[in-house]
Each structure stands twice: as structure tokens, then as C-alpha cells.
Amino acid sequence: MMDEIQPLTQPTARDIAAGVRAGQLTPEEAVRDSLDRIAAVDGAVNAFTEVWADRAISEARDLAKRPDLADLELAGVPFAMKANTGRDNDVVARLEEAGAIPVGTTANPQFCTWGTTDVPGRITRNPVRPGRTPGGSSGGAAAAVAAGMVPFAQGNDGMGSLRIPAAACKLSTIKATPGIVPGRSGRNDWYGMAVQGVLAQDNEDLVLLMKALTRGHVDAVDAPLPPQFGAILDLSSPVAGFGAQPEWKEAARMAARTLSDAGLPVREAKAPYPLNPLPMLARWSASVANSLEDEGAGEHLEWRNRVHAGIGRGLRWSISDRQVVRARAKMEKFLPGDNVLITPALATEPPSDAQWHSRPWLANMASNMRYAPFVSVWNLLGFPAGVVVEPVSGVPVQVVARMTQERVLLTAMDRIAAGGVPGLG
């Protein structure tokens, strides 16, 4: 079992970019600092699948010659890419346009199916919760940030794959409305459920990164705030029988109290979660079947994914947009456009950092449902949802908003992180 890696010594993305823009730090120095940290720490974490040291240093030197270096939002900031994302993906291009430099790829489970990150011969560890998984499927990305190897990492979220690792590793992230963040994920973006995104050390970095990703593409992050927005607290679970443990509920209560103390209207109510699990299961499992058909399984197809893909092939016929339209309409009625919903981020501590790839499909399903029942419904409905650490308890919470209301969502997250003090100017 690894020891907790403390303290997190990697500077924030905003500090690195500010230093490079001011000429106090070169892009090469920033990249070398990150590479040194990877060399020192990753042997215990197993976050990275590839490290591009020579390439990253060369790109840092090239970046230093750009005449617009002083204008780049992410000037010289090193970052990690999730292994399922190519260099030609639009989300990577947007980050590089802003001055960020990829230093390597991070681990994900086969086909990005599960909420743990392990494959034969490699188990990715959680740097801040020793003995626990960093979550999945963007578990390597989260572990790399939490261990201070990079200030942020790119990932994607089709069933909670950004928010589960963020909550497991005490980071900030957002699953945006589909179409807000550029970049595709799979044959059909997991039937519209998957989006690209980033994992950040804190909410200030997350806001900076989201602005860089969406600037000139959409205006949701910079859209005007409503004169007054409120919050709804819901501690009930979307999955019957899998409720949250007390510390996760209490963190959500404290987050709601922070907004209430800041003068925002807050009430508690039960959200109309979809009762039929088949639309979500069909999209999730059929997406894995699609990935198997498109990519193959290399030398080894995990039994849990063989079963999952078989279920998906049997359920493809049932996938219909009508299922989502009806469920979304009920949730929109419950959550007005100028409100956010606060829920626990996870239900329990993450499971152990074990060889989940060798365990049966049912064991993986039960584990995922037990510890992360709050996240995947928002992929089905398309609502933006983020994870932010409640500062008093140190326990992450989930915040949800209506579609395209990223500005309201990020503002609420920012106020929770700052203890109610207005931010996100």
C-alpha cells in the first residue's frame, strides 16, 4: 500500500501561465519541473502510460518563440492527456492553442467502462486516499493531478468518468452540456452521453481552463448571470438502495448552507430521477460494444467487458431519443433555469485499488453502483454537472445545472469552494 503523497507541490495552472507570460518562468522550465515530478512519483502511482519528455521539451522551446506568448491563457502549462484521446482531438487542439503542452498519456480501464482504473499488470493508485482506487475511467488523469505531476489533465465523462475520479481524488471538474467543450469521444459520443473535459487542482484553475476551452466556440461559460439564482439540496439517491453515507450527505448540506449564508435562496426537495434503468444501461453497454467493434481488444478482452458488450448488443434496439426527452422534461420542470442542484458526489469511500479487471461483471457493477450512484443520470439527461471540494469538511460535492447553464454552475461551485464569497468575475 502506498503512502499518501503530501504536500501537492505542483504550482497551479494559473500561476504557471502567469509566470510564463511575465517572463519569470520559461515554458521549458515548467515542463521540466513536471517531468521531474513524474519521474519521482509515478512509480508509486502508475498514472502515466506514456511520458513524452523529449517531445514536450521541444514543444516548450518552440512555444517560447511565439510572438503571442504573453497573450496565451495557458502559456507553458504542462498537462496530461487521457490515453483514449488522440493528439488530433479538438479538445487537445484547443488546449494547445491556449499555450498548454502535453507531457504524456494517463491510464484508463479497458474501453473506459468502469469506475476503477486497472488493467492486467497495472493498477493505478490514489495519491490522497492510500489503498483506494482513484476512480475511473479518467483515474490516471485524476491521480496525476492529485499527485502534483501535472497541474491539470484532460479526460472525458460518459457515465461519471470525470466526476468520479475528481471526487475520489479531491479535485474540481465539470461535465459540460454536450457541445459546449469541443472534441468527440467514440463513435457517437456514447449515444450523446460522453463529453470531453479537464480535471483541475481547484475551482479557480477549472474556471480558467473552461474559459480557454470554450472561448470563441460557445459563450456558455461567459454568459451573463441571472440577477439571482438559488439552489435545491437533494440527498436522495438516483439508485434505490444505494444511498450516501453520512459524511457525504453532510458535505452536501454544508455546501447548501454556504450558499444560503451568502443570501441565496436554498430549499430541499427530491429530484424526479428516472425510474427505468434500461435507457442508461442500454447506452452504456452498447457504447462498449461499439468500442469493441471499432477498436478491437488487443491481446486481452476482459471478461467483465465481454459480458458488458454482449448486453449492449442485445439492447441496442431499445435506444430511443424519446426516453431522454421525457426524462429531461421532468427534470427541467423540477430545476428552473436559474437554480442549481446540490447532491453528494459519491455515496461511500472509493473501493480498494485491486485487480477489478479480473473480477466478475456483477462484482464490478455492484461496486460502481454502491459508491457512485449520483453521477451517471446527468450524462443521460445532458445536464452539466460538476464536482467541487466543500472546504470545511474536505469532502467533494456534486453541483448540477440546466443545460447550457455552465456559467451558473461554475459560479455556484466557485462560491462553495470560497465559502460563499462571490467570485468568477
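**Questions and answers on the structure**

Me: Where along the chain is the place of T133?
Reply: T133 belongs to a loop. The model is predicted: local features need pLDDT of at least 70, side-chain atom pairs count only at pLDDT 80 or more, and totals for chains, interfaces and linings use all residues. Residues are numbered from 1 along each chain as its sequence is written, and side-chain values use heavy atoms, with hydrogens and water left out. Helices (H or I, at least four residues) and strands (E, at least two) are DSSP runs numbered from the N terminus, and the loop of T133 runs between β5 (122-123) and α5 (139-146).

Me: Does T133 count as buried or exposed?
Reply: Buried means under 20% relative accessible area, exposed over 50%, and partly exposed in between, with a 1.4 Å probe and protein chains only. The relative accessibility of T133 is 1%, so T133 counts as buried.

Me: Which residues are in contact with M280, leaving aside its neighbours within four places in sequence?
Reply: M280 lies in helix α10 (residues 278-295) and is buried, its relative accessible area being 16%. Contact means heavy atoms within 4.5 Å. Beyond those sequence neighbours, the partners of M280 are M159, M193, S376, V377 and L380.

Me: How many disulfides does a search of the whole structure find?
Reply: A disulfide is a pair of cysteine sulfur atoms within 2.5 Å. The sulfur of C112 has its closest cysteine sulfur in C169, at 16 Å, and therefore too far for a bond. C169 is likewise in no disulfide. The number of disulfides found across the structure is zero.

Me: What is the relative accessible area of C169, and is this residue buried or exposed?
Reply: C112 counts as buried, at 9% relative accessibility. C169 is buried too, with a relative accessible area of 1%.

Me: What is the radius of gyration of the protein?
Reply: The protein has 15 helices and 13 strands. The globule rule (2.2 Å times the number of residues to the power 0.38, with the radius taken over C-alpha atoms) gives 22 Å for 425 residues. The computed value is close to this, so the protein is as compact as a globular protein of that length, with a radius of gyration of 20 Å.

Me: Among contacts between residues at least 6 apart in sequence, what share joins residues at least 24 apart?
Reply: Of the 425 residues in the protein, 60% are buried. Among the contacts in question, the share joining residues at least 24 apart is 78%.
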